[in-house]
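This report looks at one helix and what surrounds it, then at pairs of aromatic rings.

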Amino acid sequence: MRAADHAYLSDPTPLALAHRGGSLLPANVGLENTRAAFARAVALGYRYLETDVHATRDGQVVAFHDTVLDRVTDARGAVADLTWDEVREARVGGTEPVPLLGDLLEAFPTTRFNIDVKADAALEPTVAVLREHDALDRVCLGSFSPRRIRALRRALGPRVATAAGQVGTAALRFSPALLARMLHTPAPVLQIPAVHHVAGRSLVLVTPGLVRRAHDLGKQVHVWFHDGRREDAAEFHRLLDLGVDGLVADRIDVLADVLAQRGSPLLPQAGGLL
């Protein structure tokens, strides 16, 4: 599949994606994946929002990164073990409720969502929510689990954009060129960290060769960062100079400034703030 085959990837590049709503924007610190955080990103002009999803015990899909509530809310327990009525009482940062994915799709109708499906239990409920809200052209789905990505592709078909898993990315990055073309991922976009840290070593993933191979196959390359590491204007400029097609940023204020400097200002949003 090529990026051009998907409505989700139809905007001019580079795309700017607000990671968890832009979790390192000063006003959003401690409020990741909340409606308030996403609203601030949209107010800055962000058309693409990134979020994670889990499912509650009774099958409600929530925008939430961790398996448990403990780190970012005033409540405790695993999302999968709690009902929605229990999770909805938790407050992120002590103030903001955990949102439902369906509510976010309704609250921000002009935006597109990059969704990381964090657990097997969230697969079927997420598929149901996307169908219910007729959102197949507004989303890109990913997961660190290749099996989970395959399940999403089977359930929703080729119309929905998906991000490459680790195997598909590795084939393009490390295989000989001919083999890479034979083994390339069916996903229209690679979403990868600029640098991968493994066994105490730093492995550079985003190279001119990787970007060139992806583009030759009609795919896009989006780069994300480890907990804000090296996420500054210089790094944004460096990656854009390499030709990457999107940046998944926590420092969305810095990225907005960089894009404006390069003549690629974010598009103003028409509504979407409730």
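A residue is called buried under 20% relative accessible area, exposed over 50% and partly exposed in between, with a 1.4 Å probe and protein chains only. Helices (H or I, at least four residues) and strands (E, at least two) are DSSP runs, numbered from the N terminus. This is a predicted model, in which local features need pLDDT of at least 70 and side-chain atom pairs count only at pLDDT 80 or more, while totals for chains, interfaces and linings use all residues. Residues are numbered from 1 along each chain as its sequence is written, and side-chain values use heavy atoms, with hydrogens and water left out.

**Helix 1**

In helix 1 (residues 35-43), the buried residues are A36, A37, F38, A39, A41 and V42. Their cover, counted by contact (heavy atoms within 4.5 Å), includes strand 1 (15-19), strand 2 (48-55), strand 5 (96-97), helix 3 (101-107) and helix 10 (252-261). G45, just after helix 1, has a positive phi of about 110 degrees.

**Aromatic pairs**

Rings of Phe, Tyr and Trp (its six-membered ring) pair if their centres lie within 6.5 Å; planes under 30 degrees apart are stacked, over 60 edge-to-face and the rest tilted. The structure has four such pairs, including these two:

| Pair | Centre to centre | Angle between planes | Class |
|---|---|---|---|
| F38 and F113 | 6.4 Å | 75 degrees | edge-to-face |
| F144 and W224 | 6.2 Å | 85 degrees | edge-to-face |

F38 in helix 1 and F113 in strand 6 (residues 112-117) are 75 residues apart, so this pair links distant parts of the chain. F38 counts as buried because its relative accessibility is 0%, and F113 is buried at 0% as well. The pair of F144 and W224 also links distant parts of the chain: F144 lies in the loop between strand 7 (139-142) and helix 5 (146-156), and W224 in strand 12 (residues 220-224), 80 residues apart.
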